[in-house]
Amino acid sequence: MIKSLLSPVRFFYRIVRHFGVFDVTQLLHLSAGRCLDQPCPKGYEIRCIGADELEQLLAEQRISTQVGKPGELRDSRRAIVAAFHDGRVVSFAWLATQTIDGSDNYSRSRHLGTSIDMPDGTAFVFNAWTDPDHRGKRLLAALLTWATHNRVCGAWSLLTMIDWTNEKSYRAFRHMGMRELGFVYRLGAGRWQLSLIPESAGSFGLGVAKDAPGFKWAW
């Protein structure tokens, strides 16, 4: 019954979202006590890559252009964890500590992106990608396991946000052990905006949408 009701709601939301005035995302959190334990699949190598190496990988077309700009890696608060297969990057995930800007954390409309201030030890997972030919091997879980075990950026706790209709990503992160902290609703444009933020985020030391214009309400 619930599924049959959700389908038209999701359809309506996808239409409204195209107008760039409404985004609904889920905030997911993996606490320090819930350690990831997904080994690296055979035939793959997982490690961090730096700005200079990323430039070379892009020049040699050994990584997807979706990875972004190498210059962003010169910020010590950011890192990329990547999985290599036959010399190519087939999966990667960005990690950000201390703060994530709304321009890096949005569903469809950049102006409705959600900034988050994070406590020490927490890293935000964003811009995660896996080559279609290498999906189904739980590479993202392996990347994040490696990152937390090696304390990349000093992180032992993880955070992410996904569009509420992205069921595939939701299931993947839930399977890793991430738990819901609630929904973030962002509505409006320019300085005329309304942000509804889950009250539970505060108990984890998260400052959600602090730089968002307009009215904010924790619920």
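This report walks through the sheets, helices and aromatic rings of a predicted model.

## The big sheet

Let's start with the strands. Which order do they take in the nine-stranded sheet? Reading across, you get β2-β3-β4-β7-β8-β1-β9-β10-β12, and the sheet is open, with mixed pairing. At its edges sit β2 and β12 (215-218), each of which pairs on one side only. If you ignore direction, neighbouring strands in this sheet are turned by 25 degrees against each other on average.

For a look at one pairing, find β7 and β8. These two strands pair in the parallel sense, over three bridges. Here you can spot A123 standing opposite L158, which belongs to β8.

## Helices on the sheet

Now look for the helices that lie against these strands. Helix α3 packs on the sheet, where it touches β2, β3, β4, β7 and β8. The direction of α3 makes about 50 degrees with that of β4. Helix α2, made of residues 51-59, lies across β2, β3 and β4. Compared with β2, helix α2 runs at about 115 degrees.

## A closer look at α3

Why is helix α3 described as largely enclosed by the rest of the structure? The helix spans residues 139-149, and nine of its eleven residues are buried, so the rest of the structure largely encloses it. To count as buried, a residue needs a relative accessible area under 20%. The buried ones are L139, L140, A141, A142, L143, L144, T145, A147 and T148.

What do these buried residues pack against? Their partners are the strands β2 (45-49), β3 (78-85), β4 (88-97), β7 (122-130) and β8 (157-163), plus another helix, α4 (167-175). Follow the chain past α3 and you come to R151, which has a positive phi, near 50 degrees.

## The three-stranded sheet

There's also an open sheet of three strands, in the order β5-β6-β11, and its pairing is antiparallel. The edge strands here are β5 (99-100) and β11 (207-208), and each pairs on one side only. Strand β6 covers residues 116-117, and two bridges join it to β5, with the two strands running antiparallel. If you want to find a bridge yourself, start at T99: its partner in β6 is D117.

## Aromatic rings

Time for the side chains. How many aromatic pairs turn up in a search of the whole structure? The search finds five. In one of them, the rings of F124 and F126 have their centres 6.3 Å apart and their planes at 35 degrees, so this pair counts as tilted. Planes have to be under 30 degrees apart for stacked and over 60 for edge-to-face, so 35 degrees falls into the tilted group. Both residues are buried: F124 has a relative accessible area of 0%, and F126 has 8%. Ring pairs also link W94 with F124 and F126, which gives you a cluster.

Another pair is F183 and Y185. Their ring centres lie 6.3 Å apart with the planes at 35 degrees, so this pair is tilted too. Are these two buried or partly exposed? F183 is partly exposed, with a relative accessible area of 24%, and Y185 counts as partly exposed at 26%.

## A charge over a ring

One last spot to visit is R47, which lies over the face of F84. The distance from the ring centre is 4.2 Å.

Methods: Residues are numbered from 1 along each chain as its sequence is written. This is a predicted model: local features need pLDDT of at least 70, side-chain atom pairs count only at pLDDT 80 or more; totals for chains, interfaces and linings use all residues. Side-chain values use heavy atoms; hydrogens and water are left out. Rings of Phe, Tyr and Trp (its six-membered ring) pair if their centres lie within 6.5 Å; planes under 30 degrees apart count as stacked, over 60 as edge-to-face and the rest as tilted. Buried means under 20% relative accessible area, exposed over 50%, partly exposed in between (1.4 Å probe, protein chains only). A charge sits over a ring if NZ of Lys or CZ of Arg is within 6 Å of the ring centre and within 35 degrees of the ring normal. Helices (H or I, at least four residues) and strands (E, at least two) are DSSP runs, numbered from the N terminus. Contact means heavy atoms within 4.5 Å. Two strands pair if DSSP finds at least two bridges between them. Axes are lines fitted to C-alpha atoms, for helices over the stretch in contact, and angles run from 0 to 180 degrees between N-to-C directions.
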